[in-house]
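This report describes the overall build of one chain. Please consult the sequence and the structure shown here while reading.

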Amino acid sequence: MRKTIITMSVAIMSLASQAQTSYPTPQKVDVEDDYFGTKVPDPYRWMEDDTCQQVREWVEQENKVTRDYLDKIPFRKRLYNRLKELANYEKIGAPFKKNGKYYYYRNNGLQNQSVLYVSDNAEDDGIVFLDPNTLSADGTVALKSVSFSHNGKYMAYSISRNGSDWQEFYVMDVINGKLLSDHIEWAKFSGAAWHGDGFYYSAYDTPEEGKEFSSMNETHKIYYHKIGTPQKDDILFFQNPAFPKRFYGVEIDEKETVMYLTESGEGSGNNLFIRSLKSPCSQFIQMTSDSNYEYYPITEKGDSIIILTNFGAPMNRLMIADIRNPGIKDWKEFVPERKELLSSADHIGDKLILTYMKDASDHAYSYTLDGKMEHEIKLPMVGSVYFTGKREDRECYYTFRSFTMPNTIYKYDMESGESILYKSPKLAFRTKDLVSEQVFYESKDGTRIPMTLTYRKGMKRNGKNPVFLYGYGGFAISLTPSFSAMRIPFIESGGIYAEANIRGGNEYGKEWHLAGTKMRKQNVFDDFISAAEWLIDNKYTNKDKIAINGASNGGLLVGACMTQRPDLFKVAIPEVGVMDMLRYHEFTIGWNWASDYGRSDDSKEMFEYLHGYSPLHNIKDGVTYPATLVLTADHDDRVVPAHSFKFGATLQEHQKGNVPVLIRIETNAGHGSGKPIQKILETECDIYSFVMKNLGMKY
């Protein structure tokens, strides 16, 4: 129920003086949308066309204003040098075994992209197998995925360019390391599912030229590609044009006897289908029919499938299904639901490794293939763990990290249950000088929320400490302990890094997620606001010392909180945020977020709720908002830059006083994935320079 009215636009590009900072004055147009009788103006609608010359000129002017401000911060160069020093340590991934060889990722410290190595022995350094740094001069080509054929002959790998979600597939001969002629374009949200001398992948039709990063993506298709043939000869295997706004993908077991089809994009979960590959004429059998729940096949056990699901179990459980009679009504419980969240399950050797989350940190357990728990796997401290291994392996590795410990690799003895340190990084700083503590606070409605604080030893609760408060709160994504060297200078300078596990995530299961969606989205903002208030009340800081940050859905979080409580925060850093809640579904895959947000055309009630917190639509004239640095990128085809463009321009127009409002538009970059280290260093230096300057800190 929306009607758009566009009339003649009158404005010119110029510079307007606003206190100490001069911002570009962008053209305003008379555009109005009618939502159930409520007319909503959208004067910067033209910014949605990020390919037009007018937008490019505005971006150039905004970047100049931003660079003029940031480059004049006295300590920025010193901070950059320290960040570079801190980032310069070796980073190694856990080894994984394929066809008798060991593979692992390694970065020597300042390489733009990590390199894939191969070795005959897990203890050897090995040789370079694939180096993404050779694929572009500036490191903007990133490796997205690798997939080895089950016969050991080939490896398909996908890349993204400039941070885009679009993927291109290439194929290597595993034996001689040569690149083959195969090349696939316009794949998206896809892996390579091998079957014989070919693989299945998911893609969209070639987009209109000039609209590659903004036009809506519809009708996800699955193709089969046979090695040595051109993409134009790929076989269309599956499509569902009746439901163009759904995602589809397939997985195949290593024995190539079972194929799974996953359908998602409509609810908050997925549906699952199964097909036997033992007969070429077999058809898919639908296993589930409610896409508001999640169903993930973990492994096959004889004629049975072990599935991780939250259907009938908000904290997740393992179920077992008969391949011959796979409908969900016939599933049996295999490992019951516990009070902690079952976050992952892995079949390694003759064991099941189950990882549970308790108060946003991981606990791992060894189970038999009969679903009986043997023992807890002792982890180094409170943190996050990721296991690597396959059912045929007799050895297992895991990666562990915490707020005070970078990624460290351990070898786990499957028989004795003991962990042995495999690889640990050598750092340019002392992690023993850092302290991490978990606290709990009450939100506005009394809900108990966990938050972790990381700071330097000897920190005093005198109400004067600078705080960098981070959150996300959406799409059932959990924030577990993680390490970033980029936080160190802020902490070295007396700051506290705070991470709040607010509702909308998955830290406490499905109900925790649902409590932060649609007509309950305000809970997410209340949780974040309450975190800041708790820090003030408990003498960690004060309202003039708090910076807030989040990206993507977290950018929405920052935008909503700074417009609802501009008095509470000194600095706001919304990154690649969803800022226009009325039109987000009009671009690329934005329609996929409706399960969390609802849509402005769903109903009058839903429109009014979205309009009530949409960051873009809740900027008021004459209000002093926090010092703000909006970040976006020109190749972001996940959350299109128009969100940040319109929000930044509107905030500059209405900001009261001389508090800076800047927008930083990265070039040749996207939503964040695959960003080269050089761009990461520049971005983080700009963020922390801006934060520290406006919190009155020195470096």
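## Surface

How much area does the chain expose, and what share of it do carbon and sulfur atoms supply? The chain exposes about 28,600 Å², and carbon and sulfur atoms supply 49% of it. Accessible areas come from the Shrake-Rupley method with a 1.4 Å probe, and for residues only the protein chains shown count as cover.

## Basis of the model

The model is predicted: local features need pLDDT of at least 70, side-chain atom pairs count only at pLDDT 80 or more, and totals for chains, interfaces and linings use all residues. Residues are numbered from 1 along each chain as its sequence is written, and side-chain values use heavy atoms, with hydrogens and water left out.

## Fold and dimensions

The chain contains ten helices and 42 strands (DSSP runs, numbered from the N terminus: helices are H or I with at least four residues, strands E with at least two). Its C-alpha trace spans about 70 × 60 × 50 Å along the principal axes.

The radius of gyration is 25 Å, which agrees with the value near 27 Å for a compact globule of 699 residues (taken over C-alpha atoms; the globule rule is 2.2 Å times the number of residues to the power 0.38).

## Burial and cysteines

Of the 699 residues, 57% count as buried (buried is under 20% relative accessible area, exposed over 50%, partly exposed in between; 1.4 Å probe, protein chains only). C685 is buried because its relative accessible area is 0%, whereas C281 counts as exposed at 63%.

A search of the whole structure finds zero disulfides (pairs of cysteine sulfur atoms within 2.5 Å).
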